[in-house]
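Let's walk through this model together, beginning at the ligand and ending at a small piece of sheet. Keep the 3D view open as you read.

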Amino acid sequence: MAQKGHGRVTDREYRARRLIHARRADVEPFIAMDVLSAARKLEAQGRSIVHMEIGEPSFPAPQAARDAAAEALKGGLIGYTEALGLPALRSRIARHYRDVYGLDISPARIAVTTGSSGGFLLAFLTLFNPGDRVGIASPGYPPYRTFLTALGLEPVEIDLDAESRWALDADAIEKTHSKTPLAGLLIASPANPTGTIITPEALKGLCATCDALGIRLVSDEIYHGLTYGAEAETALRFDGRAVVVNSFSKYWCMTGWRIGWLVVPEELERPVERLAQNLFISAPKLSQVAAIAALDAKEELENVRAVYARNRARLLNELPKAGMDSFLPADGAFYLYADVGRFTNDSVAFARAMLEEGGVAATPGLDFDRGNGNRFLRFSFAGSESESVEAISRIANWLSRR
Ligand SMILES: Cc1ncc(COP(=O)(O)O)c(C=O)c1O
């Protein structure tokens, strides 16, 4: 058998080696997806389950987006686009920054990506070298850790608590950086799983601190638009060199279309373009065409947001009556992060019991926080109003029987 690596290996050793995956693939499972598959199994046995585990809008993409895609399909050829996206979409996204934030962003700084997930890959590859440390909040969106470790970067978790509204601030960054110097910081506002918005003042402070310490800021703004009081501010207001990650998945209800974007500083336009050309060639054209139309569908999408707002209000009012009363009100996104410490010290077992006995699926906090997540559950309220009514009644019923 052929010579492999530095030494001679037998056929058997070679076959054994080929069965071993790279360390990079040794990532943790996304527990929310495991809960979903357990819920689906119960449904296949005829059980009725209310889904509050997955962070996905229960509404379709706006009608105008679906019409635009249907029209494009009639035209036949759906080919590649420019690596950074259709010029019309990049211009329309630039206009979105003018309309929503009053900011003048050149379309050249917009890179259209395959969801924000594709955006993270491009951003991290462009900004960081192997071994670099990147600060992330804990609790936080689980794939942040995974992306970083899979790329040979080191996630540095910054522990947050309910007392500080689960919000990152400049102090926490300075403290972390003085112990473990960071090359980058990834923030999300509104955040998953807590729904917390970083106030404009705190965001300004964070941006100034990152600038002073030479830390590259990446801001995940995927839940912008989904707010229930004050709007979320973009990091671009305070830091023109921040990299912003966004997506059509949440506000625009287009998860399966896999379409998102980055805003990068001018000096990164070409490096991002080179990587995008090689890694993706382009984002899906059909989705880009649909996204242009989606950006004009404000009225329809505001109606969707109103449903989430009513679901949120219902949970805030009714869950405490059912006995689950320890959570912050969620400034944005569509999640409640509830402390269930008075019931359990094992959120995975608690979620399993709630699913099997109560018929409600929620995600154990361990997905988002390996330290304290054993006391928390995340409830998504992106479902329909009738689902949220049913969920509350089932939870109340189940808790009263425990
Ligand atoms: C905070 C956050 N960022 C990014 C994503 C990924 O979204 P997508 O790749 O669909 O744009 C999600 C999905 O749940 C999320 O919650």
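A nitrogen atom of the ligand lies 2.7 Å from a side-chain N or O atom of Asp 220, a polar contact in the sense used here (a pair of N or O atoms within 3.5 Å). The protein covers 92% of the 400 Å² of accessible area that the ligand has on its own, as computed by the Shrake-Rupley method with a 1.4 Å probe. This is a predicted model, in which local features need pLDDT of at least 70 and side-chain atom pairs count only at pLDDT 80 or more, while totals for chains, interfaces and linings use all residues. Side-chain values use heavy atoms, without hydrogens and water, and residues are numbered from 1 along each chain as its sequence is written.

Oxygen atoms of the ligand have polar partners too: an N or O atom in the side chain of Ser 117 is 2.5 Å from one, and a polar side-chain atom of Asn 192 is 2.8 Å from one. Around the ligand there are 14 residues, each with a heavy atom within 4 Å of it. Ser 117 and Asp 220 are among those that come nearest, together with Ser 247, Ser 249 and Lys 250. Helix 5, residues 115-127, gives the most to this shell, with four residues.

Now turn to the sheet. Three strands form an open, antiparallel sheet in the order 9-12-11, with strand 9 (335-339) and strand 11 (363-364) at the edges, each pairing on one side only. Five bridges join strand 9 to strand 12 (residues 376-380); two strands count as paired if DSSP finds at least two bridges between them. Tyr 337 has Arg 378 in strand 12 as its bridge partner.

Terms used: A polar contact is a pair of N or O atoms within 3.5 Å; within protein, one must be able to donate a hydrogen and the other to accept it, and residues adjacent in sequence count only if both atoms are side-chain atoms. Helices (H or I, at least four residues) and strands (E, at least two) are DSSP runs, numbered from the N terminus.
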